[in-house]
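These are my notebook entries on a structure that I examined for its pockets, its cavities and the interface of its chains. The entries follow the order in which I looked things up.

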Amino acid sequence: MNITSAQYYNDRDGVQDGIRIVVDGITMDVPLETGNRHYDEIMKQVAAGDLTIADAE
Amino acid sequence: MSRARDFADLAGSADAGGLTGKNMVVNGAMQVFQRATAATAAAGGYETADRFIMGEVSGGAYTTERSTDHPTSSGYSLKAQVTTADTSLSAAHYAYIYHKIEAQNLQHLAYGTSSAKTLTLSFFVKSNKTGTYTVNLYKPDGTGYIFVQEYTIDSADTWEKKTITVSPTAGSTSFITASAGAIANDNGSGLEVGFGLAWGSNYTGGTSGSWSSNTNHYATTNQVNWLDSTSNNFYLTQIQLEVGEKATPFEHRSFGDELRRCQRYYEKSYGQSTNPGTGTAAGIMQSGGAQGNTTTGEYAGDKVQYAVVKRATPTLTIYDGDGTSAKCTRVNFGVTAAAGQDIATGNSTDSGFNGISYSGGAASGIQFHFEADAEL
């Protein structure tokens, strides 16, 4: 999975709600949920040092 | 055949897994292609046929698409076509098409106990490239085990039906029938059925007809390198995995039934014949009030309620009316419509979500399309 960027996003109360990623030019909102295939792939790439998740704005 | 024989066969079929619902494969008849029907490059994801992953890591490339080429002349198949050849496959390279089955739907197999069931996989296949191919059955939960079986495509460009029986004790009595062979009763992947196209030497240590605890054993050394020519194609349809020691007739389901099964894993707002990301208002989600009551501030859309509850909270991709991701269209109904406006998602769960546009052009409502992906 070619993830070119990843950044946490918050809900309106400022609580971390998900990770916004860009895959092959398409932007997606990924829930913070093990078992979601995108979340699992993000964590795998982070653990391998291949991806960094930016803080929420 | 006698009426008594008919009833006996009927009862036997029911005992073996039911007359309907026996097929554990979703979209085995290749009826549903929500993402795309035309040739699309395989990239290790769900690119065309619903519920099927197009695995590809190689120096070559292939596409998949929906085809009307079918063994009974009415229906669809999945067609794979080599577009860049790889005549010398590296050890870590591979190409295969696979399907993941949700674990909680497999509890009747009794894997992990001495009562584990024998399974039968049947499918129609066709290719210009004859020779030995492999299928694999991978069980990822607990201790991973993988079963591999060779089959041959005997005649070029000819539909052939293949049947493969998978005994829980094939090759070992201490794998599937022992506690480590269990499939968790959850919404993860319980079994994965793979159709090998090309396997590098890292993966060809399997013994045909046997389970292995080495989960790199996806294939045997006899597997052809299907990627070796851009002339090569591969067609697949009527895939059925059922309980029992023999293949029964393929379970035909209605399109609506199969679509709803697929929507547990993937759903879109677009019409079924429209690819996600297409610039169109047809089928677009819309929330809003009367013309003129506009705001340049926040507009929160109504809850998007999925047609089918998802396997898990899905990944969401939102598109505006022009087909740009992470954007919506802010509208003053009947007056203006401005695409390219930022949108956030919130309150997301397995049943739906909200789209929220915090600011932008003067709007009395918002419009957007979505994809919800809860695939395994």
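Entry 1. Terms and status.
For the linings below I count Ala, Val, Leu, Ile, Met, Phe, Trp, Tyr, Cys and Pro as nonpolar, Asp, Glu, Lys and Arg as charged, and the others, Gly among them, as polar. I note at the outset that this is a predicted model.

Entry 2. The second largest pocket.
I began with the lining of the second largest pocket, whose residues divide into eight nonpolar, six polar and nine charged. The volume of this pocket is about 690 Å³. I counted 23 lining residues, and those nearest the centre are A:Y9, A:N10, B:I343, B:A344 and B:Y358. Two or more residues of this lining come from each of β1 (3-10) and β2 (16-23) of chain A and β20 (344-346) of chain B. I recorded β1(A) as the source of the largest share, with four residues.

Entry 3. The largest pocket.
I then turned to the largest pocket, for which I noted a volume of about 1300 Å³. Its lining has 36 residues, and A:M1, A:R37, A:H38, B:G45 and B:Y46 lie nearest the centre. On the side of chain A, β3 (26-31) and α1 (37-47) each give two or more residues to this lining; on the side of chain B, β1 (40-41), β5 (94-102), β17 (315-319) and β22 (365-373) do so. I found that α1(A) gives the largest share, five residues. By class, I entered 14 nonpolar, 11 polar and 11 charged residues for the lining of the largest pocket.

Entry 4. Domains of chain B.
Where does the largest pocket lie with respect to domain 1 and domain 2 of chain B? I looked up the domain assignment, which gives domain 1 as 3-246 and domain 2 as 285-373. Both domains give residues to the lining of the largest pocket, so I place this pocket between them. Taken over C-alpha atoms, the centres of domain 1 and domain 2 of chain B are 39 Å apart.

Entry 5. The sheet that holds β1(B).
Since β1 of chain B is among the elements lining the largest pocket, I followed its pairing. I traced an open sheet of six strands in chain B, in the order β1-β3-β4-β12-β6-β9, with antiparallel pairing. Its edge strands are β1 and β9 of chain B, each of which pairs on one side only. I noted two bridges between β1(B) and strand β3 (residues 61-67) of chain B, in the antiparallel sense. For B:T40 I recorded B:T64 as the bridge partner in β3(B).

Entry 6. B:G188.
I next looked at B:G188, which is in the loop between β9 and β10 (189-199) of chain B. Which residues does B:G188 contact, once its neighbours within four places in sequence are left aside? I listed B:I101, B:E102, B:A103, B:R311 and B:L376. I also noted a separation of 7.8 Å between the C-alpha atoms of B:G188 and B:Q104, which are 84 residues apart along the chain.

Entry 7. Cavities.
How many cavities of 30 Å³ or more are there? I recorded three. The largest cavity has a volume of about 50 Å³. I listed its lining as B:L121, B:V135, B:N136, B:L137, B:F147, B:I164, B:V166 and B:L241. Of these residues, seven are nonpolar, one is polar and none is charged. At least two lining residues come from each of β7 (131-139) and β9 (160-166) of chain B, and β7(B) gives the largest share, three residues.

Entry 8. The interface.
I closed with the contacts between the chains, where 16 residues of chain A meet 21 residues of chain B. The two chains bury about 1400 Å² between them, with 36% of this area on carbon and sulfur atoms. I noted that A:R12, A:D29 and A:R37 supply 39% of the area that chain A buries against chain B, more than any other three residues. One of these, A:R37, is also among the residues nearest the centre of the largest pocket.

Technical notes: Residues are numbered from 1 along each chain as its sequence is written. Chains are lettered from A and ligands numbered from 1 in the order in which they are written. This is a predicted model: local features need pLDDT of at least 70, side-chain atom pairs count only at pLDDT 80 or more; totals for chains, interfaces and linings use all residues. Side-chain values use heavy atoms; hydrogens and water are left out. On a 1 Å grid over the protein atoms alone, a cavity is a set of points where a 1.4 Å probe fits but cannot get out, and a pocket is an open set with protein on both sides within 12 Å along at least five of seven lines; lining residues have an atom within 4 Å of a point. Grid points are joined across faces, edges and corners, and a volume is the space filled by probe spheres set on the points. Domain bounds come from an automatic or database domain assignment. Two strands pair if DSSP finds at least two bridges between them. Contact means heavy atoms within 4.5 Å. Buried area is the accessible area (1.4 Å probe) that two parts lose on being put together, summed over both.
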